[in-house]
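User: Please take one part of this model and describe it closely, then place it in its surroundings. Give the cut-off for each term as it comes up.

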Amino acid sequence: MIHRYIPKGDGEKEKMLETIGLTCMDDLFADIPDELRLKEPLDIPPAMSEIELLRHARKLGEKNSSLSTMTSFLGAGVYDHFVPLIIDHIISRSEFYTAYTPYQPEISQGTLQAIFEYQTLICRLTGMDISNASMYDGASAAAEALLIALSDKRKSDNVLISEGVHPQTLRVIRTYLHYRNVDIRVVPLKEGKTDLNAAKELVDEKTAGMLVQNPNFFGTLDDVSSFSEFCSDNKMVSVLSVDPISLALLEAPGKLGIDLVVGDGQSLGNGHNFGGPHFGFLAVKKKYMRKIPGRLVGISRDTNGKRAYVLTLQAREQHIRRHRATSNICSNMSLNALTASIYLNTLGKSGFREVASQSLSKAHYLYNGLLKTGAFQEVDSSPFFKEFRLKYNGCVGHLLRELRKRNILGGVDLGEYGHEGEILVAVTEKRTKEEMDQYIACVKEASA
Amino acid sequence: MKYYSTLIFELSKKGKRAFSMPALDVAPVEADILGSPLRSDLPLPEVSENELMRHYVNMSQGNYHIDGGFYPLGSCTMKYNPKINEDISRMHQLTDIHPLQPEETIQGTLQLLYELQKDLCTVAGMDAMTLQPAAGAHGELAGLMMIKSYHEKNREYERVKIIIPDSAHGTNPATASMVGFELVEIKSDENGLVDLDDLKKHLDEKVAGLMLTNPSTLGLFETHVREIADLVHDAGGLLYYDGANMNAIMGKARPGDMGFDVMHFNIHKTFSTPHGGGGPGAGPVGVKKILEPFLPVPRIEKEGEKYLLNGDYPDSIGKLRSFYGNYGVLLRAYAYIRSMGPDGLRESSEHAVLNANYLMNLLKDEYDLPHDLTCMHEFVLAGLKNPGDATTLDVAKRLLDYGFHPPTVYFPLIVREALMIEPTESESLQTLESFATAMKSIAKEAIESPELLKTAPSTTPTGRIDEVFAARSVILTYDDLLAFEEKQRE
């Protein structure tokens, strides 16, 4: 019986083989030397029907405890912001999700226009001039941004990275830069902000650039203006990694003198998905136009003078430039970037601000509530946005287990990141006062 | 399909909204508390929900897509995207999972990924697999990093050369550069296969490895692959398999058996996951035992009945991206493999190859076929036999008028006027024949009425687009467009 994904009727296979002068399927593979040809079927489980596969998938799902049954205060790069329902209706359209990369612009205007709108939205949020069509994720976007900085041959010896950068991002950067013999110098935090006095001791004339995350991994806000001044004083590229939701309230980094802005776009309407696919954004000032990796969409006109969208400045890319390309990146996270555009357009001017300010208010409610229990101590005195860390008086692992018994994912145990006894808690607009009060009550019980 | 170019920013009217939110149920906190410079303006559009939906539906109708028609893009493998994959990738219990949840709350997810690793190893003939790379090119990056780390571990720091055939995808040389390798390009012989004599010339103590696509980008199987592998191994190098064309040989042959040490899969090609207009994809990387210590971390493992994430590998190249990979894409690939089973996977490769050979046979009278051999899943034509003034680009644009997505054009670089055609197993005999009829009719038009090719397309949402204008005017945002229009008015 032929598989339902292979559209061949009775006798068609034989007819086709005969037309090309062959007698059986194996004849098609005659170029594969006999000793390399598989003689046995692949040792994988037999085919399942739709009914069986759905049942099987549900059974696997039952072995998880998902956020459908738990209240999440987990963050550290992936946040439980609400995803407007319209998004899935749009990205489920075959026209968007089953299309290829828009290399034939005359029949890909939908994807191209979506990317063009995405580029505009990212530029408006970040205050940058140019955004590419998206990267794999925030961490790899940060690594690629540093590669832009390092492309200046006179300054390719080292980069500075704030201790406030997400440890995972730092690890990804280490991987990307290890093979280029670039020295990575970590600048410590002081009272929740990157210590620029310490950075002065680390910078030299061969430093290509510096990366700071704002809000940082621990949730606190850095001094972006001083950071960008420090970079321009030392003639190096400033790279700022941001939480896009925070940009609903905070000044656009471009207006504060930042050269390159990166970040992870999960917050913008992309579900958790166990960490992927999300997307990374990378936006730059105009002078880096020839150095930005990845796809760019521009406006052009067709033979009749009509407005048309098209991939442009492709001479930077690997399929044209090969080993001299700015990066090897070939795909973008088109559908996730589309998701982000729909998200931003759905919330719009007032809704996006509302998401950010509710997250801010609720995070402060929980922060104050937790401190009041007496079970926590403050770690950072500096301001935070929607995520904060606290020092717990008892065992963090025990507390998190107690919370989980009440279906609450209480946060990230920072002991795993070298900060024993500390917990990182994220609060989005989705959390209710009731949920936070439950959290607080549970802490009181667990610490009593 | 339809023409629609109105931007969301042009639809925006002050005061409209497409969202609803509950009232704030705690005391409001003002943004001043952030102690940072605040934004005075948030320039996002203001539209209603129904306008938003219509905007995107109209926009989408400017797209050709695989659910709507044939997409014979060589090397891109535009096969059908099964619908159960989409449904499974939206099951809340499998997807509403935070990546930092405790292991005991994600056993189903870890089991699924563990099984996927195992199945991919089986299909590839490899010993271990990472699911972390986000795309094929990202997998290449992982693979070449592992090769470099392997030589560094053996203190063979002088191994700096990566050998790549001239028919390779552009990502291969770009990746070699990113990892700090020197690139050596070798020639193809008259059959488009690796020129063994040229290869031998470059095999010395500086060789780190060879990257090979097999079947090659010409759609031909490297019959001497074992010999190539032995030559490279004898010189102390490792072999990288670019899995772009793995969809041709599932259940028929395995890279691991051919002598490759490391390889990537393009999940969105071989395992039917949607291309999404350019992504997301996924690029799992398989390795032989000797490279296992270098795999990215964390690795997904099983201990007794428990699945876990293990980051404890001191020789690992580290992390290539946040968390564990494009899980949403991997879920779809898992569903595909379970739907197909061993026979289904083999049959999909067989029918992909059958379709390609059948279509090649239909086209070889009118189009120049430089390598008239049994092809694998794709074949490359060198333009029209009697082109007149018509180029491959003209043929491609004219195909749009016939309602087909054109093949890949001008790649591989070693074939002039290349048209690279990959029908995949998803197409029926009837579709192949109507595509061939269109191609033949274009060949006739090239002689009889060449202006039809030169002015094509004429039935698509836009006519041929001026790419030079785009590159010169550099309008990359709506704000650039406003500035450009302002300048024009002056």
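The parallel strands and their setting

Analyst: A:V159 stands opposite A:I184, a residue of β4(A). Strands here are DSSP runs of E with at least two residues, helices are runs of H or I with at least four, and both are numbered from the N terminus. The model is predicted: local features need pLDDT of at least 70 and side-chain atom pairs count only at pLDDT 80 or more, while totals for chains, interfaces and linings use all residues. Residues are numbered from 1 along each chain as its sequence is written, chains are lettered from A and ligands numbered from 1 in the order in which they are written, and side-chain values use heavy atoms, with hydrogens and water left out.

β3(A) and β4(A) run parallel and share 5 bridges; two strands count as paired if DSSP finds at least two bridges between them. Both belong to an open sheet of 7 strands with mixed pairing, in the order β2-β10-β9-β8-β7-β3-β4 of chain A. At its edges stand β2 (130–131) and β4 of chain A, each pairing on one side only. Strand β4 of chain A covers residues 183–187 and contains A:V186. A:V186 counts as partly exposed because its relative accessibility is 33% (buried is under 20% relative accessible area, exposed over 50%, partly exposed in between, with a 1.4 Å probe and protein chains only). The C-alpha atoms of A:V186 and A:E163 lie 5.9 Å apart, although 23 residues separate the two in sequence.

On the other side of β3(A) comes β7(A). Strand β3 of chain A (residues 158–162) pairs with β7(A) in the parallel sense over 4 bridges. Here A:N158 faces A:T207 of β7(A). The next pairing, between β7(A) and β8(A), is also parallel, with 6 bridges. Within it, A:M210 has A:S238 in β8(A) as its bridge partner. Strand β7 of chain A (residues 207–214) is largely enclosed by the rest of the structure, because 8 of its 8 residues are buried.

Empty space comes next. A cavity is a set of points, on a 1 Å grid over the protein atoms alone, where a 1.4 Å probe fits but cannot get out; lining residues have an atom within 4 Å of a point. Points are joined across faces, edges and corners, and a volume is the space filled by probe spheres set on them. There are 7 cavities of 30 Å³ or more, and the largest has a volume of about 390 Å³. Its lining has 30 residues, with A:G77, A:Y79, A:H166, A:Q213 and A:D264 the closest to its centre. Two or more lining residues come from each of α6 (138–150), α7 (167–178), β8 (237–242) and β9 (260–264) of chain A. The lining of this largest cavity holds 9 nonpolar, 15 polar and 6 charged residues (Ala, Val, Leu, Ile, Met, Phe, Trp, Tyr, Cys and Pro are nonpolar; Asp, Glu, Lys and Arg are charged; the others, Gly among them, are polar).

The second largest cavity encloses about 100 Å³. Among its 13 lining residues, A:N214, A:V224, A:L250, A:E251 and A:L256 are closest to its centre. The lining of the second largest cavity is made of 8 nonpolar, 2 polar and 3 charged residues.

Aromatic contacts complete the picture. Over all chains there are 27 aromatic pairs (rings of Phe, Tyr and Trp, the last by its six-membered ring, with centres within 6.5 Å; planes under 30 degrees apart are stacked, over 60 edge-to-face, the rest tilted). A:Y343 and A:F352 make an edge-to-face pair, 6.4 Å between centres and 85° between planes, and both residues are buried. The pair of A:Y367 and A:F388 is also edge-to-face, because the planes stand at 80°, with the centres 5.0 Å apart. This pair joins distant parts of the chain, 21 residues apart: A:Y367 lies in helix α11 (residues 334–372) and A:F388 in strand β14 (residues 387–392), both of chain A. A:Y367 counts as buried at 6% relative accessibility, and A:F388 counts as buried at 1%. A cluster linked by ring pairs takes in A:Y5 together with B:Y80, B:F265, B:F271 and B:Y336.

For the whole of chain A, there are 13 helices and 17 strands. Of its 448 residues, 67% count as buried. The C-alpha trace of chain A spans about 80 × 55 × 50 Å along its principal axes.

Definitions and conventions: 1 Å grid on protein atoms, 1.4 Å probe; cavity = no way out; pocket = protein on both sides within 12 Å on 5 of 7 lines; lining within 4 Å.
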